[in-house]
Amino acid sequence: MNEALKERLIQAVESIDAGAVAKVYGRLVRINGLTLEVTGCRLFIGQRCFIETLNNGSLVAEVVGFNRDISYLMPLQHAVGLFSGARVSPQSGIEKIVVGEQLLGRVVDGLLQPLDGLPAITGESIPLFSLPNNPLSRQPISEPIDVGIRCINAVLTPGKGQRLGLFAGSGVGKSVLLGMMTRYTEADIIIVGLIGERGREVREFIEHSLGEEGLKRAIVVAAPADSTALMRLRAAQVCHRLAEHFRDQGKHVLLLMDSLTRYAQAQREIGLAMGEPPVTKGYPPSVFSLLTQLVERAGNGLGSGSMTAIYTVLVEGDNQQEPIADAARAILDGHIVLSRDLAEQGHYPAIDISASISRVMPQVVTKDYLAHALKLKKLYSSYQQIKELIPLGGYQPGKDIQVDYAVQKFPAIAAFLQQGLDEKSGLSDSMNQLIDLMDNEHAK
């Protein structure tokens with residue numbers, strides 16, 4: 001072959017675009033409840049697709065299962081305008097999200113689309129899902145974190161990297177407590193996930209509970225109750241991925257997710273729609289598996305940063321043995337219980353310290369201080385056991401020195417455990433007040 005011709009052929013081949021010569025599309029063939037059935041293309045679990053709708057629109061959906069040549073998708077948005085035979089366009093590559101400090105002060109949904117009316121967010125992108133850390137590579141929890149709440153700081157001292165559950169029924173002040181934490185904590189960055197709550201509560205939380213100052217160093221990811229089940233799941237996953245990113249940058253991150261129960265209920269909707277059997281009071285097995293996977297993403301990583309997480313857990317009818325509450329208590333590093341009785345008495349925050357515990361507190365405080373905190377809890381519990389007898393005349397002073405001291409000390413303990421909405425109580429101040437309270441008087 002002529003050398004000149006051969007060289008020209010090589011140059012021509014090299015100049016040809018290496019991109020795909022054809023794009024494969026699927027077709028929407030059936031809608032069954034929450035699931036969309038698609039044929040005609042090969043899809044993988046978790047892949048995002050765009051489904052053609054009327055008037056040249058598109059609907060974002062995600063692959064959640066398959067059966068031979070049929071792929072099952074669920075919409076991330078409300079399914080409007082779908083029709084039989086609609087073209088399904090798979091998105092190539094892994095799912096990514098935008099990260100960076102430009103997110104601070106913003107309110108977004110589970111797809112990181114702005115909800116605050118400000119411009120779209122651009123910047124560095126990272127994969128939505130990260131590989132789990134080797135448990136032996138995690139930094140141990142050795143330092144306390146200041147959340148600005150006297151009762152929690154002093155009696156249930158949390159550590160940097162701890163995962164706590166905030167167990168509460170409806171209307172006992174959990175959202176107000178979360179708002180106080182976002183304003184008063186000493187964490188560098190706060191990630192707030194509002195998952196499955198009432199739509200009106202999103203704005204109320206931002207304007208009243210969080211406030212302008214709290215929003216400046218916070219990122220709010222909201223997926224209200226009227227969002228699709230998949231969007232609620234995605235919003236929770238985005239919260240954790242953002243927190244992981246900032247933690248790996250060496251920041252001390254506080255993740256507040258309201259609520260873990262709504263996350264579980266969203267997965268229940270998906271699991272039941274996919275044909276999973278309800279095994280525990282209507283919850284399929286995948287719910288408890290995903291709960292563990294989500295919670296395990298929180299905690300310390302390899303570097304100097306930390307990721308402390310507080311999850312609210314709704315207890316229906318104040319039933320602490322409800323399946324999600326019971327599962328959460330087993331996988332978290334402690335639990336804070338809000339009492340309806342205390343809330344009805346005007347005791348705020350309505351934290352029942354006798355039913356609450358921080359499992360890492362012994363690792364982040366001194367032995368002497370821990371003894372003071374346990375002493376306060378013991379006095380509080382002693383009083384709770386006999387408080388109903390006092391107005392009935394069933395309590396007789398002088399028969400039990402410990403109980404007498406608890407009755408004498410309780411007004412001061414109750415005042416110490418309460419805190420105003422606009423009152424901040426730092427970690428060192430909280431601890432010093434508890435020590436003074438326990439040292440001022442001694443049991444006879």
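## Aromatic pairs

With a cut-off of 6.5 Å between ring centres, there are 3 aromatic pairs in this predicted model. Take Tyr283 and Phe288: their planes sit at 65° with the ring centres 6.2 Å apart, so this pair is edge-to-face. Tyr283 is buried, at 3% relative accessibility.

Tyr383 and Phe410 go the other way and make a stacked pair, with 10° between the planes and 3.8 Å from centre to centre. This pair ties together distant parts of the chain, 27 residues apart: Tyr383 belongs to helix H11 (residues 367-386) and Phe410 to helix H12 (residues 401-417). Both Tyr383 and Phe410 are buried, and Tyr380 joins them in one aromatic cluster.

## Charges over rings

Tyr283 also has a charge for company: the charged end of Arg268 sits over its ring, 4.4 Å from the centre. Over at Phe416, Arg150 lies over the face of the ring, 5.8 Å from the ring centre.

## The sheet and its helices

Now for the open sheet: 8 strands with mixed pairing, in the order S8-S12-S11-S13-S14-S10-S15-S16. The edges are strand S8 (107-108) and strand S16 (357-358), and each has a single partner strand, so one side of each lacks a neighbour in the sheet. S16 runs antiparallel to strand S15 (residues 334-337), joined by 2 bridges. His335 has Ile357 in S16 as its bridge partner.

Helix H5 (residues 229-248) lies across strands S11, S12, S13 and S14, running at about 170° to S11. Helix H8 (residues 323-331) packs on the sheet too, touching S10, S14 and S15, and its direction makes about 155° with that of S10.

Notes. Residues numbered from 1 in each chain as written. Predicted model: local features only at pLDDT ≥ 70, side-chain atom pairs only at ≥ 80, totals over all residues. Heavy atoms only, no water. Phe/Tyr/Trp six-rings, centres within 6.5 Å; stacked < 30°, edge-to-face > 60°. Buried < 20%, exposed > 50% of the residue type's maximum accessible area, 1.4 Å probe, protein only. Helix = DSSP H or I, 4+ residues; strand = E, 2+ residues; numbered from the N terminus. Lys NZ or Arg CZ within 6 Å of the ring centre and 35° of its normal. Pairing = 2+ DSSP bridges. Contact = heavy atoms within 4.5 Å. Axes fitted to C-alpha atoms, helices over the stretch in contact; angles between N-to-C directions.
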